[in-house]
Amino acid sequence: MQPACSIALGVIVIICSCNVLSDAKVRASLQGETAPRTPGAVYRCLGCSPNCGRCLATVRTIITEALNESQNPADASTCCKAVNVLP
Ligand code: FES
């Protein structure tokens with residue numbers, strides 16, 4: 001199954017214009033056993049918070065894709081490791 005986001009094409013797309021978050025940065029935050037599993041946890045992990053909320057559905061889709069790919073969902077109550085992906 002092809003991911004809904006641009007990573008399949010090798011293109012980085014800003015999915016959250018309020019926080020300038022790319023799909024790649026969100027995906028990177030979802031790596032590891034203690035990765036966030038809710039949109040709110042993703043924002044906290046990346047050091048920001050949702051503003052207008054237009055990106056929430058996209059973040060949820062990316063989380064779902066990551067969980068399906070990993071086959072090993074982690075605890076949603078903990079935060080991810082530091083992520084250094086631009087932008
Ligand atoms: S686009 Fe993400 S909070 Fe506005």
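The buried residues of α3 are covered by other parts of the chain, including α1 (23–29) and α2. In this predicted model, those buried residues are Val-59, Ile-62 and Ile-63. Seen down the helix axis, they fall within an arc of 100 degrees, so they line one face of α3. An α-helix has 3.6 residues a turn, so residues three or four places apart point the same way.

Now turn to the other side of α3. There, Ala-57, Thr-64 and Asn-68 are exposed. The helix itself has 15 residues. From its first C-alpha to its last, α3 reaches 21 Å. That is close to the 21 Å expected at 1.5 Å a residue.

Arg-60 also sits in α3. Is Arg-60 buried, exposed or partly exposed? A residue counts as buried with 20 or more other C-beta atoms within 10 Å, and as exposed with 12 or fewer. Arg-60 has 13, so it is partly exposed. Follow Arg-60 across to Val-42: the two are 18 residues apart in sequence. In space, their C-alpha atoms are 9.6 Å apart.

Val-42 leads to the largest nonpolar core, which has 14 residues. Which members touch the most others? They are Ile-15, Leu-21, Val-26, Val-42, Leu-46, Val-59 and Ile-63. Several elements feed this core. β1 (14–16), α2 (39–45) and α3 (56–70) each supply at least two of its residues. Val-59 and Ile-63 have appeared before, as buried residues of α3.

Take Ile-15 as a closer example. Leave out residues up to four places away in sequence, and Ile-15 touches Leu-21, Ser-22, Asp-23, Val-26, Cys-55 and Thr-58. Two of these partners, Leu-21 and Val-26, are named with Ile-15 among the core members that touch the most others.

Step back to the whole chain. It has three helices and two strands. From the N terminus on, the order is β-β-α-α-α. Of the 87 residues, 26% count as buried. Among contacts with a separation of 6 or more, 56% join residues 24 or more positions apart.

Last comes confidence. The chain averages a pLDDT of 81, and 70% of the residues score at least 70. Among the elements, β1 has the highest mean pLDDT, at 97. The lowest mean belongs to α3, at 92.

Notes
Residues numbered from 1 in each chain as written. Predicted model: local features only at pLDDT ≥ 70, side-chain atom pairs only at ≥ 80, totals over all residues. Core = buried A, V, L, I, M, F, W, Y, C linked by C-beta atoms within 7 Å. Helix = DSSP H or I, 4+ residues; strand = E, 2+ residues; numbered from the N terminus. Contact = placed C-beta atoms within 7 Å. Expected span 1.5 Å × (residues − 1). Arc of directions from axis to C-beta. pLDDT = per-residue confidence, 0-100.
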